[in-house]
Structure formats: C-alpha cells, structure tokens
Amino acid sequence: MFSRTRFVAGASAVALASGSVLAGAGIAGAQGSSEIAADLGLAATALNGPVTVSGNAEGGPTVTYTNETGVDQQCLGFTMPYSTVETLGVDPSGLDLSDLVAAIDLITAIEGAGGVSVLGVDEDGDPFAYEGTEDNGGVVGAVAPLALFGTGGVAVAADGDVTWTAPTPTETAAAATICAPPGADEEGLDVNFGIDPQVVADQINGRIPGGSLEIVSPDMISGGSVETGATLLGSLGDAGAGDDTGTDGAN
C-alpha cells in the first residue's frame, strides 16, 4: 500500500541533484549517482503534481490543489510535518482509500505524530483549514463523508483550483488532497500528494561540505530541475564507471 523507502530515497536524491555544486564537490559519485537518479522521479512527481505547498506568513503551510481532471470535484485534505513521513516510514502519496481500514490506521498514526491540519470546508462551502483533534473528529471525521458518499468537500470546478491556509505544521510541510466527483464512493477518489520545496532545499544544503551553508533556496527547486538533476546524476554515474575502467586498464 505504501512505499516510503523509495519516496524518501527520491526526495533525498533531489537534494543531491541540484547537483552541479554537489557533483563538483564529489558527493554525487560517493552516493552512487545512477542509483540516486533512478529514484528522482518520485520526488519530481510530488513537485510536478497538482498539489503545491509553501510556508505562509502565519507560520503554517499554504496548500493549493489544481483540478486537472476535466470534471467537477469535491475536495478535502490534510497537512503534516514532512518529518512525519520520514519518522513513520510511510508514503502518503500511496494513500488508498478503497482500503478504508488501512487508510484510517495510517491517518490515525499521522495525526498521532502531531502538527496536522484538516483542509476542510466551512458552512458556506468555502475552504477552511483547522488543526485536527479528537474533539473535532480530525482528518477521518472530515474525510469519511467524502470517501463514502462523495459529499462534504470544497466544490472545485473542472480546471479550477482551491487554496487552504493552514495553521499547522509550523515546520516544513507535506500535504495530501482527496477529491471525488460529486456522488462518487471510495473507488472513485483522486488522491494527490505535495511537498514544500523547502524540504528539498534543506536536504541539499545539509549535504554540502563546510557546515551549515545555505546555497540552495526553495525558489530554485522545481519538478523540472529535479528531472534535469536525474539526467545529470545518471550521466555522472556512467562517466564514473567509464573512468574506473580506464584507470584499471592503465594499471
């Protein structure tokens, strides 16, 4: 149901892929360029997908979902600290609401780690985000009507979008959106996942030799740069293998 190992490897690989700086420092070769490049597509999916995540002035994340399905939808979602993805060892992009028991177990674990906001809807049908708690039913309470009956979300027109300003987490965030055509059941749900580009910037800067240098900023990160980084690292791996062969032959 979930493939956390490959997702986190992909996200970490992006950190190496912004890459000419890191490649020049010799890090790419040390980490195994070809293997890293093979996982980059996972992080690129999160960055290229319909969910964008960024920090807002209030300290929490702003999450925008763009409906690219061509049909009207009802949408909800939730945020979480990106660290929860790593700590719990799960990949929220693999959320499968057709298996409600497993999905509830996962969401409950995510909520238990703290810092979760529900990307919900107010009584007027407008997007409304709030911290999920047991008292207000949390993510499961908000999503259940949508999963079961296709109702209770923000109406998002075909080719439209919706934005939530969430209070939590106050650290670098990830977010999942759950959408359905009106009246759809759990089999027809569309689940998408996004990450704050700051995740990638932090990982890159954390791998640069010389201490706490912050060479890469979030506005330098995009799905396109991730894909370019994958190509770069792949070619570095191939070149490195060729150089090793040449050296052995010379000896």
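## A loop residue with positive phi

Asp-159 lies in the loop between strand E6 (154-156) and strand E7. In this predicted model, Asp-159 has a positive phi of about 65 degrees although it is not a glycine. Most residues other than glycine have a negative phi, and most peptide bonds are trans. Asp-159 is also exposed, with a relative accessible area of 63%.

A second backbone feature concerns the peptide bond between Thr-168 and Pro-169, which is cis, with omega at about 5 degrees. Pro-169 is placed in the loop between E7 and E8.

## Overall composition and confidence

The protein chain contains 9 helices and 9 strands. Of its 251 residues, 45% count as buried. The chain exposes about 11100 Å², and carbon and sulfur atoms supply 50% of that area. Among contacts between residues at least 6 apart in sequence, 75% join residues at least 24 apart.

The mean pLDDT of the chain is 74, and 59% of its residues reach 70 or more. Two segments have pLDDT under 50 throughout: residues 1-30, for which the model has 79 contacts beyond four places in sequence, and residues 242-251, for which the model has 0 such contacts. Where pLDDT is low, the predicted coordinates should not be read in detail.

## The three-stranded sheet

An open sheet of 3 strands follows the order E1-E2-E7, with antiparallel pairing. Strand E1 (51-55) and strand E7 (161-165) stand at the edges, each with a single partner strand, so one side of each has no neighbour in the sheet. From one strand to the next, the twist averages 15 degrees.

Strand E2 (residues 61-66) pairs with E1 in the antiparallel sense over 5 bridges. E2 and E7 also run antiparallel and are joined by 5 bridges. E2 is mostly covered, as 5 of its 6 residues are buried.

## The hairpin and Thr-52

E1 and E2 form a hairpin with 5 residues between them, and Gly-59 in the turn has a positive phi of about 105 degrees. Two positions show how the strands are matched: Val-51 has Tyr-65 of E2 as its bridge partner, and Thr-52 stands opposite Thr-64 in E2.

Thr-52 belongs to strand E1 and is partly exposed, with a relative accessible area of 42%. Leaving aside residues up to four places away in sequence, Thr-52 touches Thr-62, Val-63 and Thr-64. Thr-52 and Pro-197 are 145 residues apart in sequence, and their C-alpha atoms are 8.9 Å apart in space.

## Strand E7 and its two faces

On the E7 side of E2, Val-63 stands opposite Trp-164, while Tyr-65 has Val-162 as its bridge partner. Tyr-65 of E2 is also the bridge partner of Val-51.

In a regular strand the side chains alternate between the two faces of the sheet. Strand E7 shows this alternation: Val-162 and Trp-164 point to one face and are buried, whereas Asp-161, Thr-163 and Thr-165 point to the other and are not buried.

## The disulfide

The model contains 1 disulfide by the distance rule, which requires cysteine sulfur atoms within 2.5 Å. Cys-75 and Cys-179 form this link, with their sulfur atoms 2.2 Å apart. A disulfide is a covalent bond between the sulfur atoms of two cysteines. The link of Cys-75 and Cys-179 is right-handed, with 120 degrees about the S-S bond.

Cys-75 lies in strand E3 (residues 73-81) and Cys-179 in strand E8 (residues 173-180), so the pair ties together parts that are 104 residues apart in sequence. Both Cys-75 and Cys-179 are buried.

How values were computed
Residues numbered from 1 in each chain as written. Predicted model: local features only at pLDDT ≥ 70, side-chain atom pairs only at ≥ 80, totals over all residues. Heavy atoms only, no water. Helix = DSSP H or I, 4+ residues; strand = E, 2+ residues; numbered from the N terminus. Buried < 20%, exposed > 50% of the residue type's maximum accessible area, 1.4 Å probe, protein only. Pairing = 2+ DSSP bridges. Axes fitted to C-alpha atoms, helices over the stretch in contact; angles between N-to-C directions. Contact = heavy atoms within 4.5 Å. Areas by Shrake-Rupley, 256 points an atom, 1.4 Å probe, with all protein chains shown as cover. pLDDT = per-residue confidence, 0-100.
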